[in-house]
Amino acid sequence: MSKRYHEIMENIQLTTETREQILRHVSERERKAKVQTMKKWTKYLSVAACCALVVGAAYGIHTLHPDKTVSEEEDMTTTDVADGGVQMPNPMQEYGSAEELSDAVGFTVKEIGELPFTVKETQYFTYDDTLAEIRYTGDDQEVYFRKSQGDDEDNSGVYNTYSQETTINMGEAEVTCKGDSDAYELAIWQQGGYSYSISLQSGISLEELQAMIETVED
């Protein structure tokens, strides 16, 4: 606490409540002073960062090693900070293809062969090296296909409540499809010791969803 506060307290008798109010007031003033100092440094650092970007662009600096994919580079640098301040590896890792994804999780992960929209981007992820996800992104649609070991779980990560639920038979599997007003956004099934799910940003017809499922069945 500041010297000024201690000098005042030596000559004034305060109640506990008044003492706490003064402490909070002084602490707040000190905090605001630190914030102002940080804002000044942030401004200077921003200018320096812009200069570095300009210089880097002028000389054509590449941040990625020519022999590494983007996902491999991110794997080395992406971390999450735990409550105790310890950096932990990010459990979500990205790969460059379905083949790389399959190698990472130790089982085959197929691509969806029938998508009712134009795909602009396809991404491949693992979660803790046990769950595989392929993400398809279009202009106004996004699809998540997941596969994991174990045949007794819903691995979709979707907890929405739907008004419509339909079960369809796909080979040896019973697929639960969920949605609203004949627009389906979720399919969940288990087959051959694995759990599967397909979730969508926007609902599609049951026939379109069934066509997608048929392409990834084992």
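Helices, of at least four residues, and strands, of at least two, are DSSP runs numbered from the N terminus. The exercises below concern a predicted model.

**Exercise 1. Composition and confidence**

Task: State how many helices and strands the protein has, and identify where the pLDDT stays under 50.

Solution.
- Step 1. The secondary structure amounts to 5 helices and 10 strands.
- Step 2. The protein has 218 residues, of which 31% count as buried.
- Step 3. The mean pLDDT is 75, and 60% of the residues reach 70 or more.
- Step 4. Residues 30–45 stay under 50 in pLDDT, and the model gives them 1 contact beyond four places in sequence. The stretch 47–78 is also below 50, with 15 contacts beyond near neighbours in sequence.
- Step 5. For contacts between residues at least 6 apart in sequence, 44% join residues at least 24 apart.

**Exercise 2. Topology of the sheet**

Task: Give the strand order of the open sheet and explain why one side of E3 and of E7 is left without a neighbour.

Solution.
- Step 1. The open sheet is formed by 8 strands in the order E3-E4-E5-E6-E10-E9-E8-E7, with antiparallel pairing.
- Step 2. E3 and E7 (164–170) stand at the edges and have a single partner strand each, so one side of each lacks a neighbour in the sheet.
- Step 3. From one strand to the next, the twist averages 20°.
- Step 4. At the E3 end, 4 bridges join E3 (residues 92–95) to E4 in antiparallel fashion; here Gln93 stands opposite Thr126.
- Step 5. E4 and E5 are antiparallel and joined by 7 bridges. Phe125 stands opposite Glu133 of E5, and the bridge partner of Tyr124 in E5 is Ile134.

**Exercise 3. Helices on the sheet**

Task: Determine which strands H4 touches and which strands H5 lies across.

Solution.
- Step 1. Helix H4 (residues 98–105) packs on the sheet and touches E3, E4 and E5, its direction making about 5° with that of E4.
- Step 2. Helix H5 (residues 206–216) lies across E6 (142–149), E7, E8 (173–180), E9 (183–191) and E10 (194–204).
- Step 3. The direction of H5 runs at about 150° to E10.

**Exercise 4. The hairpin of E4 and E5**

Task: Find the backbone feature of Asp128 and of Asp129, and classify the accessibility of Asp128 and of Asp129.

Solution.
- Step 1. The hairpin of E4 and E5 has 3 residues between the strands. Asp128 belongs to the loop between E4 (121–127) and E5 (131–137), and Asp129 lies in the loop between E4 and E5 as well.
- Step 2. Most residues other than glycine have a negative phi.
- Step 3. Asp128, although not a glycine, has a positive phi of about 55°; Asp129, also not a glycine, has a positive phi of about 60°.
- Step 4. Exposed requires over 50% relative accessible area. Asp128, at 55% relative accessibility, therefore counts as exposed, whereas Asp129, at 42%, counts as partly exposed.

**Exercise 5. Aromatic pairs and charges over rings**

Task: Classify the geometry of the pair Phe107 and Tyr194 and of the pair Phe145 and Tyr196, then locate the charged residues that lie over Tyr127 and Tyr194.

Solution.
- Step 1. The structure holds 3 aromatic pairs.
- Step 2. Planes under 30 degrees apart count as stacked, over 60 as edge-to-face, and the rest as tilted. The ring centres of Phe107 and Tyr194 are 5.2 Å apart with planes at 55°, so this pair is tilted.
- Step 3. Phe107 lies in the loop between H4 and E4 and Tyr194 in E10, so the pair ties together parts 87 residues apart in sequence. Both Phe107 and Tyr194 are buried.
- Step 4. Phe145 and Tyr196 form a stacked pair, at 6.4 Å centre to centre and 15° between the planes. Phe145 is in E6 and Tyr196 in E10, so parts 51 residues apart in sequence are tied together. Phe145 and Tyr196 are both buried.
- Step 5. Ring pairs link Phe145, Trp189 and Tyr196 into a cluster.
- Step 6. Arg146 lies over the face of Tyr127, 5.1 Å from the ring centre. The charged end of Lys147 sits over the ring of Tyr194, at 4.5 Å from its centre.

Technical notes:
Residues are numbered from 1 along each chain as its sequence is written. This is a predicted model: local features need pLDDT of at least 70, side-chain atom pairs count only at pLDDT 80 or more; totals for chains, interfaces and linings use all residues. Side-chain values use heavy atoms; hydrogens and water are left out. Buried means under 20% relative accessible area, exposed over 50%, partly exposed in between (1.4 Å probe, protein chains only). Two strands pair if DSSP finds at least two bridges between them. Axes are lines fitted to C-alpha atoms, for helices over the stretch in contact, and angles run from 0 to 180 degrees between N-to-C directions. Contact means heavy atoms within 4.5 Å. Rings of Phe, Tyr and Trp (its six-membered ring) pair if their centres lie within 6.5 Å; planes under 30 degrees apart count as stacked, over 60 as edge-to-face and the rest as tilted. A charge sits over a ring if NZ of Lys or CZ of Arg is within 6 Å of the ring centre and within 35 degrees of the ring normal. pLDDT is the predictor's confidence in each residue, from 0 to 100.
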